[in-house]
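Me: I am new to this structure, and I would like to take it one question at a time. Please start with the words I will need.

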Amino acid sequence: MRELRTRQGLSLRTLAARAGFSPSFVSQVERGQASPSIASLERLAQALGVTLGDFFRATTGAVVTRAVERAGRSSAWSNAQIEALGPTGPGRAFEAMMITLAPGGQSGGRSSSHGGNEFAFVFEGEIRLTLGETVHQLARGDAATFSAETPHRWENAGSDPARIVVVSAR
């Protein structure tokens, strides 16, 4: 994230103001001392004018992405692991992420939105997807497609880990 911010010539304070966070929080995220929620990461990406997948661009650039080579990030706040499933960054029509939510894990404390569309497929576990005011219970094998401009939130509604693949299209 620091590389993206400095490449754009943004100060820490400017990025924090754009994202609606304190400069100290953004600094802690950049230094790996804070574990932001998925929704917070999306807000920071939006403030930088990039996608969540762009945070993985430095380590994922191949057309074939081997399981052992996937770039990943943990979010202790969200109780989640996020892995880029393929190349990310400018010029990509879509980006695929695997999100593993531990029991009680969630994308954020509140719903968030961003541009584009999303497709999600539940590989294991139970997911509660809130789209606007509507709550959908999703189980293994269920899928959802929606405009990412609709405020949305993911939660692990079960007692076992849940794994979903989310594909974002710009």
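Reply: Happy to help! A residue is buried if its relative accessible area is under 20%, exposed if over 50%, and partly exposed in between, using a 1.4 Å probe and protein chains only. The model is predicted, so local features need pLDDT of at least 70 and side-chain atom pairs pLDDT 80 or more, while totals for chains, interfaces and linings use all residues. Residues are numbered from 1 along each chain as its sequence is written, and side-chain values use heavy atoms, without hydrogens and water.

Me: Of the 170 residues of the protein chain, what percentage count as buried?

Reply: That cut-off of under 20% relative accessible area decides which residues count. Applied to the 170 residues of the protein chain, it gives 45%.

Me: In what order do the helices and strands come?

Reply: Helices (H or I, at least four residues) and strands (E, at least two) are DSSP runs, numbered from the N terminus. The protein chain has four helices and nine strands. From the N terminus on, they run α-α-α-α-β-β-β-β-β-β-β-β-β.

Me: What is the radius of gyration of the protein chain?

Reply: This value is taken over C-alpha atoms, and the globule rule is 2.2 Å times the number of residues to the power 0.38. For 170 residues that rule gives 15 Å, and the protein chain comes close to it, so it is as compact as a globular protein of that length: its radius of gyration is 15 Å.

Me: Which residues of helix 2 are buried, and which exposed ones lie on the face turned away?

Reply: Helix 2 spans residues 12–19, and its buried residues are L15, A16 and A19. They share one side of helix 2, because they cover an arc of only 100 degrees around the axis, counted from the directions from the helix axis to the C-beta atoms. The face turned away carries the exposed residues R13 and A17.

Me: Which helices do the buried residues of helix 2 pack against?

Reply: Contact here means heavy atoms within 4.5 Å. The partners are helix 1 (2–7), helix 3 (23–30) and helix 4 (38–48).

Me: Which strands stand at the edges of the open sheet with the order 6-5-8?

Reply: Two strands pair if DSSP finds at least two bridges between them. In this sheet the pairing is antiparallel, and six bridges join strand 5 (residues 126–131) to strand 6. A strand with a single partner has one side left without a neighbour in the sheet, so the edges are strand 6 (134–139) and strand 8 (152–156).
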